[in-house]
Every structure is written in structure tokens, then in C-alpha cells.
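Biologist: Hi! Could you walk me through this model before I start on my own notes?
Modeller: Happy to, just pull it up and ask away.

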Amino acid sequence: MSTSSSAPLKRVLSGMRPTGKLHLGNYMGALHNWVRLQHDYECYFFIADWHALTTDYADTSQIKGNTREVILDFLGAGLTPEKSVLFVQSDVKQHAELHLLFSMITPLGWLERVPTYKEQQENITGKDLSTYGFLGYPLLQAADILIYQPDFVPVGQDQVAHVELTREVARRFNQFYPRSQGSGHSAQGSEILPEPQVLLTPSPKLPGTDGRKMSKSYGNTILLTDPEPVVRQKLKPMVTDPARVRRTDPGNPDICPVGDLHKVFSSPETMAKVYDGCRTASIGCIECKGWVADSVVQVLQPIQEQRAGYEQNPKKVDEILEDGKNRATTRAEQTMVEVRAAVGIG
């Protein structure tokens, strides 16, 4: 056996909040990348149902159903239990234990300066977010990550600050609680909680149907589960290059939201037709939207077929989550044995 094939794979960890069925923005922003990563890394991917409580604690009626929708989308998109550990956060109680220990050592100022803290407090209206859970969610996130001692955390640019906080928490923990003598060394070296590196996710510009960033809060999404007629219906009124007021006006795909979708989903041949047809006004926006709908449907079709197979076999999905829970719990407990020994409790 060659050295490269016998070397242990680097470990990757990431999660997603269960906000219901996933959309193309979720897919291109994270899931599509995760499916690629699972072939080259030891991967742990989870559904962060405790995180859903940070903003939705007053009404938890949707969390369980939403969690189910997300695991079906994970499996439909191509994540497999053979290649990845797939689990629900609340099934692994060690996350909560490590979060509690982190809360004892983390200065409040660290949490208050996380960019999304004030931003979300200002932007999410109608909910009381002056709770410890909301303030402390980056700390729970740090526990989610560090408990698996991963090498990398795949995130978009907007999440880099959260991983930096995780690295600071790991540093502080390791300073207070160095590995106790005789407890052995983990693969990552002498520190109990190695600082993970960011693995920046290539995140293409993916506008929603109104031209803004695709987001459920804007109501401008195309879901992974949307059937073809719905996809076409949603794309028909999509905003285009404002310079094309009349059918005869030439346009520029580079400043058009429909052009942005073509760049992500269409073939080079279609792209060539789009650039030529739009710039010379030999095609109209309706025709251009029809082509992008063709490309999107082509991407969604295999995902929907695979998802439907799992949807019709709920027992199989239960087994995948149970297996993921057991594998994740085993790995998390390995870390917690070292953590408890170092802290001097348990």
C-alpha cells in the first residue's frame, strides 16, 4: 500500500440550521462543496437543531419537520453515510457539555463583538433576542466544531469571524487546561483542542428571483424540491439588465441577475448563445430565462430523484441518522474524556 493511501484523511466538520427545505443558495453556498469534500476528507456534517432555538425558541413546532427536510436534501444532493457522518446536533449530548465548559472561560466581550450579533438583533424584528442563548450561539458553534478536533471548517467568507472565535476559544482552553501527563497524544499534536483552519468555500454569486441575494427571508428562492413548472414560473418575472427596456435594446449578461444564474448553471455553449443574443438584442429576456430554467432543471432533476427514493424509505433515513448519531457520539466522547481529565472534573 502506498504512503498516501495509508495516511489518515484530514477531518472536516460543518453544519446547517434546519430552516426547512433547502434552496439553490444553500446548495451552491455549501452543500455542493460538501459533496465534493467527502471524497477527499473524513467528513462530519450535522443539522444544527439546537441552533434553531437561538431565534425560534418561542415556537419550536417546525424544528423537527424542518430537520427531516434538511436530511432529505443532504441525501438527495449526494451526501452519503458511506462517505460522511451525518447526524442531528441534539442527538450528541457532548456538544452541550463542551459548550457549558466553554461558557465558564469565555469573556463576554468576545461574544458581543461577533459581527452577526448586533446585525441580527437589529434586522430580526418581532423576536426578543436578548437571551444568553442568542449571545452564546457562536460558543455553541465553537463546541460543535472543536469536539471533533477537525483540521478544517468549510465556510463562506461571511462565517470566517465565527471560526476565528472558535480558534480563540481553543487557544484559551488549551492555555488553562494543558493536556494532563500520561493521557497520550491525539493525532493533531499535544493540545487537546487543536485550532482548525478555514477552508473557504467557493461561493458563486447566486441572486434570487428579485435580484437580491437568494434568501428565505426575502421570499426569492428556488427550492431544491421545486418541480419544473414551479422553477419556470418563478424565473419568468425575474429582474434583468435594467438597460433592456424594449425587446430591441441590447443588454449585458454581466450586470444581469439572469446572467449570473447562467454563469453558475449553464453550459459554455448556452453561455455563448446568451452573450451573443443579449448583446445584439437578437434574443429577448423571456427566451434567455427559458434557457436558464432548462439549466437549473437539469441540475435539480437528479437531486429530486435521489431525494424521492429516500422520502419513500423513511426507515432507511432513520437508520442513517442513528448510525450517524452513534459514530459522532463515539468521536465526541473521545474528546470529552480528554477534556474532563484536563479540567479536573467527571
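Modeller: One cut-off before we start: a residue is called buried when its relative accessible area is under 20%, and exposed when that value is over 50%. Also, keep in mind that this is a predicted model.

Biologist: Good. Is Ala 52 buried or exposed, then?
Modeller: Ala 52 counts as buried because its relative accessibility is 3%, which is under the 20% limit. Ala 52 is found in helix 3.

Biologist: And what does Ala 52 touch?
Modeller: Leaving out residues up to four places away in sequence, Ala 52 touches Arg 17, Pro 18 and Ile 63. If you want a distance as well, the C-alpha atoms of Ala 52 and Thr 67 are 9.9 Å apart in space, with their positions 15 residues apart in sequence.

Biologist: What about Ala 58, where is that one?
Modeller: Ala 58 is in the loop between helix 3 and helix 4. With a relative accessibility of 73%, Ala 58 counts as exposed. From its C-alpha to that of Gly 20 the separation is 17 Å, and the two are 38 residues apart along the chain.

Biologist: Let's switch to Arg 11. Where does it sit, and is it buried or exposed?
Modeller: Arg 11 lies in strand 1, residues 11-16. Arg 11 counts as buried, at 12% relative accessibility.

Biologist: Which side chain makes a polar contact with the side chain of Arg 11?
Modeller: That would be Glu 42, with a polar contact of 3.3 Å between the two side chains. There is also a backbone atom to look at: the oxygen of Gln 149 lies 3.2 Å from a polar atom of the Arg 11 side chain.

Biologist: Tell me about Gln 149, then. What is its phi?
Modeller: Gln 149 has a positive phi of about 45 degrees, although it is not a glycine. Gln 149 is found in the loop between helix 9 and strand 4, and it is buried, with a relative accessible area of 2%.

Biologist: Which other residue should I look at for a positive phi?
Modeller: Try Ala 281, which is not a glycine either and has a positive phi of about 60 degrees. Ala 281 is found in the loop between helix 13 and helix 14. At 12% relative accessibility, Ala 281 counts as buried.

Biologist: Now helices. How far does helix 5 reach?
Modeller: Helix 5 covers residues 94-105, which makes 12 residues, and it reaches 17 Å from first C-alpha to last, close to the expected 16 Å. Its buried residues are Gln 94, His 95, Leu 98, His 99, Leu 101, Phe 102 and Ile 105.

Biologist: Why do you say they line one face of helix 5?
Modeller: Seen down the axis of helix 5, the buried residues fall within an arc of 165 degrees, so they line one face. As background, an α-helix has 3.6 residues a turn, so residues three or four places apart point the same way.

Biologist: What covers the buried residues of helix 5?
Modeller: Several elements do, including helix 3, strand 3, helix 9, helix 10 and helix 15.

Biologist: Since helix 10 came up, what does Thr 166 touch?
Modeller: Thr 166 lies in helix 10 and is buried, with a relative accessible area of 0%. Not counting residues up to four places away in sequence, Thr 166 touches Ala 142, Ile 145, Leu 146 and Pro 196.

Biologist: How many residues of helix 12 are buried?
Modeller: In helix 12, 7 of the 9 residues are buried, so the helix is largely enclosed by the rest of the structure. Among them are Pro 257, Val 258, Leu 261 and Phe 265. The buried residues of helix 12 pack against helix 2, helix 11, helix 13 and helix 14.

Biologist: Last topic: how many cavities of 30 Å³ or more are there?
Modeller: A search of the whole structure finds 1 cavity of 30 Å³ or more, and the largest cavity has a volume of about 70 Å³. Its lining includes Asp 241, Arg 244, Cys 256, Val 258, Cys 278, Cys 285 and Cys 288.

Biologist: Which helix gives the largest share of that lining?
Modeller: Helix 14 gives the largest share, with 3 residues. The elements that give two or more residues to the lining are helix 13 and helix 14.

Conventions:
Residues numbered from 1 in each chain as written. Predicted model: local features only at pLDDT ≥ 70, side-chain atom pairs only at ≥ 80, totals over all residues. Heavy atoms only, no water. Helix = DSSP H or I, 4+ residues; strand = E, 2+ residues; numbered from the N terminus. Buried < 20%, exposed > 50% of the residue type's maximum accessible area, 1.4 Å probe, protein only. Polar contact = N/O pair within 3.5 Å; in protein donor to acceptor, adjacent residues only side chain to side chain. Expected span 1.5 Å × (residues − 1). Arc of directions from axis to C-beta. Contact = heavy atoms within 4.5 Å. 1 Å grid on protein atoms, 1.4 Å probe; cavity = no way out; pocket = protein on both sides within 12 Å on 5 of 7 lines; lining within 4 Å. Points joined across faces, edges and corners; volume = space filled by probe spheres on them.
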